[in-house]
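User: I have a structure open here and would like to go through it with you piece by piece. Could you keep the answers plain?

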Amino acid sequence: MTPLAMPPVAIGPLAPVLIVLGAAGLVLLLDLLPRPVGRELIATVALAGLVGALLATLARWGKPGRAFQDMLVLDDFALFANVVICYAAALVVMLSIDYLGRNGPETGEYYALVLFSTGGMMLLAAAGDLIVLFLALELMSLSLYVLAGLFKRELAASEASMKYFILGAFATSFLLYGIALIYGATGTTNLDRIAAAAAGRAHDPLLVIGLGLLLVGFGFKISSVPFHMWAPDVYQGAPTSVTALIATGSKAAALAALIRVLVTALRGSQPDWAVLLWVVAAITMTVGNVVAIAQSNLKRLLAYSSIAHVGYMLIGVVAGGSAGPGAVLFYLLTYAFTTAGAFGVLTLCERAQAEAVEVGDYAGLARRHPVLAAALGLFLLSLVGIPPLAGFVGKFYLFAAAVRAGYLWLAVIGVVNSALAAYYYLRVVVFMYMREPEGAGARLVPSFAGGLALAIALIGIVLLGVIPAPFADLAQAAVAPLLR
Amino acid sequence: MSLYGYLTLAALVFAIGLFGVLTRRNAIGILLGIELMLNAVNINLVAFARFRADVAGLVFTLFTISITVAEVAVGLAIVIAIFRVRRTVEADRLDLLRG
């Protein structure tokens, strides 16, 4: 009998994820101590873990690594996505410190769950195998389901949690069925080997059905139309800090995984999925923007806006080549800064001891809190895509990639949609600057960590807008390993 | 039974689960439907592993079974949390969030 040989384990490529998960374990331990420790300390540990993971990710830039027989591929693409994810999660932790103190239970499990879901997102972006992809997706999703309903006494939060869970699990079963059929068609779950096995037989029925079901599953996770119905309810009902994480981190991770699967494993079926995603992108943009116009709840409005932004990003996926996915990566970076900032302003405002979420609550905000109003205004203008803010440059790269790849009409639909979107974003700005408040209006709740988070996000969108070239070049370079 | 026999069986189980999710109004019924859909995947994976003589499919099945258990545990916890506050788990009556 041969002795069981331990395969070599490369810890290096795992380091960023291990730091995040280690911090999660530490947070749980601190929460269990007999003498309760302050929630600031727990939040600091969580933040330190995320910053550590960010540094570990940056340190590995340019040194791609693979671990566990190519199950984990930490190339520059995954590293870029990890930077976006770690940044978004760190911002969420900073915004949560005072927000939780006001609205929620003061427990450490909130931070542990944020860290667990962040670890799942980072693994998802680095998954080189469909099994890892599924495990990472579930680690991320299960943590987010619980986070959405963590404020158990709030009716809306638990309802949002249940809707998120049911539709998320529903989507998972489609995704998993697709994975099983792709495995059946190619005999492997490794993305590179799937590409090799699928080459030349793009019209194998098992493969085509598997691809379709996989796209349905991903469509739910990134909330593209027609699988977007959960997003507004969940964004509205979940605690605002959790909404920020769902809108930025989980979306970035799922889009990164989608791009990796489509571009590496299913390259042979490109004509099939490009046509399908063309239609999905056009409908997603239009539905998101048109329905957003009718919203009066700011969280719901931002939910529909985020659906529209997924539509823009799908333009880049359709465009393909090296320019398309590179533009999507860069857009994810700008989008994470902007959206996390916009939700961040919401966590800092309250009205009559409750969250200020109606557009009307923000009437006259500019007169009482000019800095806060200017911050929200800048985030919204960046979402519209007004130069010189980050959103403009992100959209420019996306539409340019589409035009260069010959998808002129898709770019035109995108531009028309951006113009349409200006209406509902600017309506909020008009309320802040030109309307008198009805009654007390929204009140600023001072929070040092929250203010710092907003400052970082503001610097980010201005910096990315004024000197985008180095970052866009990095995003383009990050996509290169996928296209070998 | 050929491979396609098993694939047909899995597709039927998946369809029954899908029907359950779409028609049930009770949260527990919806959960059961999702369970059926996920188990249809396991039939597929095991059948592919058997007919391709490849162990990866069996390993994958073990992973999906354990993840599914975790998923249902979280789902039931959420259902119980909601029942404690609202005294109902009928999907139609959970309509605070709309617009």
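User: What share of the contacts in chain B with a separation of 6 or more comes from residues 24 or more positions apart?

Analyst: In this predicted model, residues 24 or more positions apart account for 46% of the chain B contacts that have a separation of 6 or more.

User: And how many helices and strands does chain B have?

Analyst: Chain B contains three helices and zero strands, and reading along its sequence gives the pattern α-α-α.

User: What is its radius of gyration, set against a compact globule of 99 residues?

Analyst: Chain B has a radius of gyration of 17 Å, whereas a compact globule of 99 residues would come out near 13 Å. Along the principal axes, its C-alpha atoms fill a box of roughly 50 × 25 × 25 Å, and buried residues make up 33% of the 99 residues in the chain.

User: Ok, the interface then. How many residues does each chain put into the contact?

Analyst: Chain A contributes 35 residues to the contact and chain B contributes 34 residues. On the chain A side, the elements that give two or more residues are helix 5 (130-148), helix 6 (155-186) and helix 9 (230-237).

User: Which of them gives the most?

Analyst: Helix 6 of chain A gives the most to the side that touches chain B, with 18 residues. By residue type, that side of chain A divides into 18 nonpolar, eleven polar and six charged residues.

User: Switching to helix 3 of chain A: how far does it reach from its first C-alpha to its last?

Analyst: Helix 3 of chain A, residues 76-103, has 28 residues and reaches 39 Å from its first C-alpha to its last, which is close to the 40 Å expected at 1.5 Å a residue. There is nevertheless a kink of about 40° in this helix, centred on Ser96(A).

User: Is helix 3 mostly covered or mostly open?

Analyst: Helix 3 of chain A is mostly covered, with 25 of its 28 residues buried. One residue located in this helix is Cys86(A), which counts as buried because 27 other C-beta atoms lie within 10 Å, where 20 or more are needed.

User: What is Cys86(A) in contact with, leaving aside neighbours within four places in sequence?

Analyst: With those neighbours set aside, Cys86(A) is in contact with Leu50(A), Ala53(A), Leu54(A) and Thr57(A). Separately, Cys86(A) and Ala336(A) are 250 residues apart in sequence, yet their C-alpha atoms are 10 Å apart in space.

User: Which residues touch the most other members of the largest nonpolar core?

Analyst: Of the 240 residues in the largest nonpolar core, Ala46(A) and Leu124(A) touch the most other members. The largest share of this core, 21 residues, comes from helix 3 of chain A.

User: Which residues does Leu124(A) touch, not counting those up to four places away in sequence?

Analyst: On that count, Leu124(A) touches Leu133(A), Ala136(A), Leu137(A), Met140(A), Ala253(A), Ala254(A) and Ala257(A).

User: And helix 4 of chain A, why is it described as largely enclosed?

Analyst: Helix 4 of chain A is largely enclosed by the rest of the structure because 16 of its 17 residues are buried. Its span also agrees with expectation, since the 17 residues, 109-125, should cover 24 Å at 1.5 Å a residue and the end C-alpha atoms are 24 Å apart.

User: Backbone oddities next. Where is the peptide bond from Val225(A) cis, and what is omega near?

Analyst: The bond from Val225(A) to Pro226(A) is cis, with omega near 5°, and Pro226(A) sits in the loop between helix 8 (205-221) and helix 9 of chain A. A cis peptide bond also joins Pro387(A) and Pro388(A), with omega about 5°; Pro388(A) is found in the loop between helix 15 (370-384) and helix 16 (390-404) of chain A.

User: What about Gln69(A), what is its phi?

Analyst: Phi of Gln69(A) is near 50°, a positive value in a residue other than glycine. Gln69(A) lies in the loop between strand 1 (65-67) and strand 2 (72-74) of chain A. In that loop there is also Asp70(A), which has a positive phi of about 65° although it is not a glycine.

User: Are those two buried or exposed?

Analyst: Gln69(A) counts as exposed because it has 10 C-beta neighbours inside 10 Å, and the limit is 12 or fewer. Asp70(A), with 14 other C-beta atoms within 10 Å, is partly exposed.

Methods. Residues are numbered from 1 along each chain as its sequence is written. Chains are lettered from A and ligands numbered from 1 in the order in which they are written. This is a predicted model: local features need pLDDT of at least 70, side-chain atom pairs count only at pLDDT 80 or more; totals for chains, interfaces and linings use all residues. Helices (H or I, at least four residues) and strands (E, at least two) are DSSP runs, numbered from the N terminus. The expected span of a helix is 1.5 Å times one less than its number of residues. The bend at a residue is the angle between axes fitted to the seven residues ending there and the seven starting there. Two residues are in contact if their C-beta atoms, placed from the backbone, lie within 7 Å. Ala, Val, Leu, Ile, Met, Phe, Trp, Tyr, Cys and Pro count as nonpolar, Asp, Glu, Lys and Arg as charged, and the others, Gly among them, as polar. The radius of gyration is taken over C-alpha atoms; the globule rule is 2.2 Å times the number of residues to the power 0.38. A nonpolar core is a set of buried Ala, Val, Leu, Ile, Met, Phe, Trp, Tyr and Cys residues joined through C-beta atoms within 7 Å.
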